[in-house]
Structure formats: C-alpha cells, structure tokens
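The exercises below are meant to be worked through with the structure in view. Try each task before reading the solution that follows it.

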Amino acid sequence: NKEVLANAARRYEEVWLPLLASIPSAQERNELCPPLDVEWMWHCHLLAPMAYRRDVQLVLGKELIFDHAIPVASRRQQLVAKTKQKWEAFCREPFDIQATLSTAEYVKEGGGGRVTKIK
C-alpha cells in the first residue's frame with residue numbers, strides 16, 4: 001500500500017531523525033528502538049550509505065550519522081517501551097501503528113504521493 005509506505009517515510013523523516021538528533025548522547029541514541037514501520041525505512045535507507053549521509057544532512061541541516069544496531073530479543077521490549085516514552089514526549093504522533101498496518105488495504109496502483117525530501 002503506497003499510503004502506508006509514504007506514511008512510514010514521513011514518520012522516519014519528520015519524527016525519527018529529528019528525535020535522534022535531539023538526543024546528544026550516542027549511547028542513549030543507540031538504546032532506542034523505533035516503531036516497526038520506521039525501522040524498515042531506516043534499514044532500507046542504511047543500505048545506501050552515501051545517500052543516507054546526504055539525506056540526513058538535507059533533513060536535519062547538519063551532518064549526523066546514526067548507528068543502528070538491532071537489539072537482542074531479550075532487551076527489545078524494554079527498549080521499545082523506553083523509545084515509546086521519548087517519542088510521545090517529542091511529538092503528538094502515535095508511536096505504535098501496527099494495528100493500522102495489519103489492517104491496511106492492499107492497493108495495487110495509485111495512492112500515496114511523495115511526502116519526503118529523501119530521494
């Protein structure tokens with residue numbers, strides 16, 4: 001569903017990257033675990049490291065490289081809860097949209113426009 005993908009890209013660009021940039025400690029940033037839709041966007045973006053570097057600078061207006069390590073399963077739930085608190089204090093957007101994702105309509109064509117600066 002293009003609308004779901006467009007929304008994930010928007011959440012990644014407009015909430016996740018600025019949230020990470022607002023946290024001065026690299027150690028604290030590395031203990032955050034984004035929502036599933038945002039995590040997929042982040043993983044995909046990291047597959048193109050030069051574009052990732054350029055895009056982060058474009059979005060944030062400065063060069064910041066954020067490391068992303070997948071947390072071990074035993075800590076994931078704890079880190080998601082911690083991240084959810086920071087996310088919800090940072091913006092009014094709901095953190096967890098998995099229920100919406102699981103009921104999203106499959107759309108073969110159309111839907112969702114370009115909502116991101118990232119190319």
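**Exercise 1.** In this predicted model, determine at what angle helix 1 and helix 4 pack, and name the residues that make the contact.

*Solution.* Begin with the two elements themselves: helix 1 covers residues 2–21 and helix 4 covers residues 49–60, and they pack at an angle of about 85° with their axes 10 Å apart. Because angles of 65 to 115 degrees count as roughly perpendicular, helix 1 is roughly perpendicular to helix 4. Next, look at who takes part: helix 1 contributes Y12, E13, L17, P18 and A21, while helix 4 contributes Y52, V56, V59 and L60. Finally, sort these residues by character, which gives 8 nonpolar, no polar and 1 charged.

**Exercise 2.** Work out how helix 1 is oriented towards helix 5, and which residues meet there.

*Solution.* Helix 5 spans residues 73–90, and its packing angle with helix 1 is about 105°, the axes being 10 Å apart. Helix 1 is therefore roughly perpendicular to helix 5. On the side of helix 1 the residues are R11, V15, W16, P18 and L19, and they meet T83, K86, W87 and F90 of helix 5. Sorted by character, the residues of this contact comprise 6 nonpolar, 1 polar and 2 charged.

**Exercise 3.** Find out which residues A21 contacts beyond its neighbours in sequence, and decide whether A21 is buried or partly exposed.

*Solution.* First place the residue: A21 lies in helix 1. Its relative accessibility is 23%, and since buried requires a value under 20%, A21 counts as partly exposed. When neighbours within four places in sequence are left aside, A21 is in contact with L60, L64 and F66. For one of these partners the separation can be stated: the C-alpha atoms of A21 and L64 are 7.5 Å apart, although 43 residues separate the two along the chain.

**Exercise 4.** Compare the surroundings of H45 and E39, asking of each whether it is buried or exposed.

*Solution.* Take H45 to begin with, which is found in helix 3, the stretch of residues 36–46. With a relative accessibility of 9%, H45 counts as buried, and its side chain is joined to that of Y12 by a polar contact of 2.7 Å. Y12 has already appeared in Exercise 1, where it is one of the helix 1 residues in contact with helix 4. Turning to E39, this residue is also found in helix 3, and it is buried, with a relative accessible area of 6%. Not counting residues up to four places away in sequence, E39 touches C33, P34, H68 and R76.

**Exercise 5.** Establish how many disulfides the structure holds, and whether C33 and C91 are buried or exposed.

*Solution.* A disulfide is a covalent bond between the sulfur atoms of two cysteines. A search of the whole structure finds 0 of them. As for burial, C33 has a relative accessible area of 1% and is buried, and C91, at 19%, counts as buried too, because the cut-off lies at 20%.

**Exercise 6.** Describe the chain as a whole: its elements, the share of buried residues, and how far apart in sequence its contacts reach.

*Solution.* The chain has 6 helices and 0 strands, so that, read from the N terminus, the order of elements is α-α-α-α-α-α. Of its 119 residues, 34% are buried. Among contacts between residues at least 6 apart in sequence, 74% join residues at least 24 apart.

Note on methods
Residues numbered from 1 in each chain as written. Predicted model: local features only at pLDDT ≥ 70, side-chain atom pairs only at ≥ 80, totals over all residues. Heavy atoms only, no water. Disulfide = S-S within 2.5 Å. Buried < 20%, exposed > 50% of the residue type's maximum accessible area, 1.4 Å probe, protein only. Helix = DSSP H or I, 4+ residues; strand = E, 2+ residues; numbered from the N terminus. Polar contact = N/O pair within 3.5 Å; in protein donor to acceptor, adjacent residues only side chain to side chain. Axes fitted to C-alpha atoms, helices over the stretch in contact; angles between N-to-C directions. Parallel < 35°, antiparallel > 145°, perpendicular 65-115°, else oblique. Contact = heavy atoms within 4.5 Å. Nonpolar A, V, L, I, M, F, W, Y, C, P; charged D, E, K, R; others polar.
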